[in-house]
Amino acid sequence: MVPVQEGRPQFWGLGGHGPEELFGGMPTPAYIIDENRIADNCRLLASVMEETGCRILLAQKAFSNFDLYPAIGQYLSGTEASGLFEARLGAEEMPGKEVHVFCAAYREEDFEELLEYADHIVFNSPAQLRRFGAMARSAGKSIGLRVNPECSTQEGHAIYDPCAPGSRLGTTRKQWDESMTPELVSLLDGLHFHTLCEQDSDALETTLHAVGKAFGDVLPGMKWLNMGGGHHITRPGYDIPRLERCIRSAREAWGVEVYLEPGEAVALNAGYLVCRVLDIVENSGVRTAIVDASAACHMPDVIEMPYTPPLYGAEGSGEGRHVYRLAGPTCLAGDVIGEYSFGHDLREGELLLFGDMAIYSMCKNNTFNGMPLPDIWKRGADGSLARLAGFGYADFKMRLGNRCR
Ligand SMILES: Cc1ncc(COP(=O)(O)O)c(C=O)c1O
């Protein structure tokens, strides 16, 4: 059993009201984004910007529900994109703010359009810089190269570790020495690294030492250093003073402007997924409640990370507790959300509320098994509910053929 992720079970945003009272009238499954919690996170990030003079961007890969961009754009400097579509979304929905893009490899046919949206373009390799750098430069873009400081600060997590041996992400110092001609170096305005995943600022401090060791001779010639994402700044207990020291020391040591581009930290603990129990089955002493949401379709990080999301009203197991495995209705045997214990027996039709469902959820949804995409709601600053998006059969069908458009 994977433990419920520490620091994630945050239902205080519900103000003491139960899920049935707040969301009982809503068709399930559905996501709810909590505008107040997004604003709380952004205020904290804005305080880091104010304290240090750094600039913070929303990494849209984690959260790209653009109805919330006006609220986020009040505080942050702009958006970070992974390619053409996210860059366009950021430019359209957070107008007037910065758009930065990093992609492991750009496509020739996208590049010209990308130049319409992006302010900063970060390349992954000297070869990509050679191929597209001059074009980006003549369009007046700020150009960066992602570096790989070869400093893993996480263990047992290779798929989330860009510094794992053999990684394709970022240019190592060896690759730099082999390929970066003076002409290529002269195209650069900045360096970028992204090596962290849900980590505290001690890991950033370690990484910055490695960056300094590998690229300390290059950095004083740069205008900016982008420290990527993975900074869990809005998690309770995160060491913000240490983060601020890291940012200040980079600014002072190398004379660079500092960017951070967190995704999770912007929308951490700011969303819910509501679903209902469809059936309860028992096999070899394991009681499974099958719900109308799926880990594989609606919370894929539960399987990929893996982690067990927080669930309202569920606690650790103990005497007198009622333990259930919660699972989706798909054919995948491993479509299991996790094991939870309750103070009562679950019943068919009961409403369940998962927490921390705004990040890496809606933007990673799929319709495997023809599972419906959950509707998306916003819980506004005044507590009112507004449906932002609704989905049906056409959304499933349109991605598979041409007779539905
Ligand atoms: C280049 C880059 N920037 C930013 C992020 C955002 O990371 P997080 O959501 O963990 O803060 C990622 C995540 O993979 C990334 O690859």
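**View 1. Surroundings of the ligand in the predicted model.** In this predicted model, the ligand is surrounded by 15 residues, of which A59, A62, H194, G229 and G263 come nearest. Sorted by class, the shell around the ligand consists of 6 nonpolar, 5 polar and 4 charged residues.

**View 2. The two domains of the chain and the contact between them.** Domain 1 is assembled from two stretches of the chain, 9-34 and 270-397, whereas domain 2 covers 53-267. The centres of domain 1 and domain 2, taken over C-alpha atoms, are separated by 33 Å. Where the domains meet, 11 residues of domain 1 are in contact with 10 residues of domain 2, and the residues on the side of domain 1 that touches domain 2 divide into 9 nonpolar, 1 polar and 1 charged.

**View 3. The largest nonpolar core.** This core holds 98 residues, and those with the most contacts inside it are Y31, V101, L225, A267 and L273. Helix α9, which spans residues 201-215, supplies the largest share of the core, with 6 residues. Because domain 1 (9-34 + 270-397) and domain 2 (53-267) both give residues to this core, it lies between them. In soluble globular proteins, nonpolar side chains tend to be buried together.

**View 4. The contacts of V101.** V101, listed among the residues with the most contacts inside the largest nonpolar core, is shown here with its partners from elsewhere in the sequence. When neighbours within four places in sequence are left aside, V101 is in contact with A81, G83 and A87, and also with L114, A118, I121 and V122.

Notes:
Residues are numbered from 1 along each chain as its sequence is written. This is a predicted model: local features need pLDDT of at least 70, side-chain atom pairs count only at pLDDT 80 or more; totals for chains, interfaces and linings use all residues. A residue is near a molecule or strand if its C-beta atom, placed from the backbone, lies within 6 Å of it. Ala, Val, Leu, Ile, Met, Phe, Trp, Tyr, Cys and Pro count as nonpolar, Asp, Glu, Lys and Arg as charged, and the others, Gly among them, as polar. Domain bounds come from an automatic or database domain assignment. Two residues are in contact if their C-beta atoms, placed from the backbone, lie within 7 Å. A nonpolar core is a set of buried Ala, Val, Leu, Ile, Met, Phe, Trp, Tyr and Cys residues joined through C-beta atoms within 7 Å. A residue is buried if 20 or more other C-beta atoms lie within 10 Å of its own, exposed if 12 or fewer, and partly exposed in between; C-beta atoms are placed from the backbone. Helices (H or I, at least four residues) and strands (E, at least two) are DSSP runs, numbered from the N terminus.
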